[in-house]
Amino acid sequence: MIRKFAISLLFVAVQLTAVPATAETGVRIVVPAHDIARGQTISESDLTYATVSGNALMAGTVSNIAAVKDMEARRLLHAGETLRADDVRHPIVVTKGQTITMLFRAPGVELTAMGRAMGEGGIGDTITVQNPSSYRMISGVVSAPGTVIATGPASPSAPQRTARN
């Protein structure tokens, strides 16, 4: 006698979907710890770090406290907001219209002359200076309060870092 058995198998279909794996990595940036007034010199205690997503990162965002320490705020900086390099500048040591000392250096020779600053700037900024004798405009780099090292005739096409006039 032949017996028939019915075997039923239950197959469960599982649909697998591919989900892209994302690792949420943040970028550490510098932000003001409290509001910083325009013109205030920034110290290390005025700053703190915050983490933002890489997508929210703007060009020129500061990521190192040393890059902005001892700089001056160009505008009111709000606590916790992103800090950009354009938001700060070197402290102003030469003001527009100030009588300054111009230094002209060549191998073996150093000349000094008086001049009038046509713009303001901090140490390391390039400004334009007027020679009061000849009324010629000369560009120079601010080296100390009231002192500019002449780099040549004023030229707007020179690729140098300039301060706002």
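Guide: Let's start with a rule for reading sheets: two strands pair if DSSP finds at least two bridges between them. Keep in mind that this is a predicted model.

Visitor: Good to know. In which sense do β9 and β10 pair, and over how many bridges?

Guide: Strand β9, residues 126-130, runs antiparallel to strand β10, residues 137-144, and five bridges join them. As one example, Thr128 has Ser139 in β10 as its bridge partner.

Visitor: Which strands make up the closed barrel?

Guide: Five strands do, in the order β6-β7-β9-β10-β11, and their pairing is mixed. On average, neighbouring strands of this sheet are turned by 50° against each other, direction ignored.

Visitor: Now the interior. Which residues make up the largest nonpolar core?

Guide: That core has 12 residues, including Val30, Ile36, Leu47, Met71 and Val88. Leu47 is a handy place to look: leaving out residues up to four places away in sequence, its contacts include Val31, Pro32, Ile42, Ile65 and Leu83.

Visitor: And what about phi angles?

Guide: Most residues other than glycine have a negative phi. Here Asp70 has a positive phi, near 70°, and Tyr135 does too, with a value near 60°.

Visitor: Where do Asp70 and Tyr135 lie?

Guide: Asp70 lies in the loop between β2 (47-53) and β3 (72-73), while Tyr135 lies in the loop between β9 and β10.

Visitor: Why does Tyr135 count as exposed?

Guide: Tyr135 counts as exposed because its relative accessibility is 60%, and exposed means over 50%. Asp70, with a relative accessible area of 48%, is partly exposed.

Terms used: Residues are numbered from 1 along each chain as its sequence is written. This is a predicted model: local features need pLDDT of at least 70, side-chain atom pairs count only at pLDDT 80 or more; totals for chains, interfaces and linings use all residues. Side-chain values use heavy atoms; hydrogens and water are left out. Helices (H or I, at least four residues) and strands (E, at least two) are DSSP runs, numbered from the N terminus. Axes are lines fitted to C-alpha atoms, for helices over the stretch in contact, and angles run from 0 to 180 degrees between N-to-C directions. A nonpolar core is a set of buried Ala, Val, Leu, Ile, Met, Phe, Trp, Tyr and Cys residues joined through side-chain atoms within 4.5 Å. Buried means under 20% relative accessible area, exposed over 50%, partly exposed in between (1.4 Å probe, protein chains only). Contact means heavy atoms within 4.5 Å.
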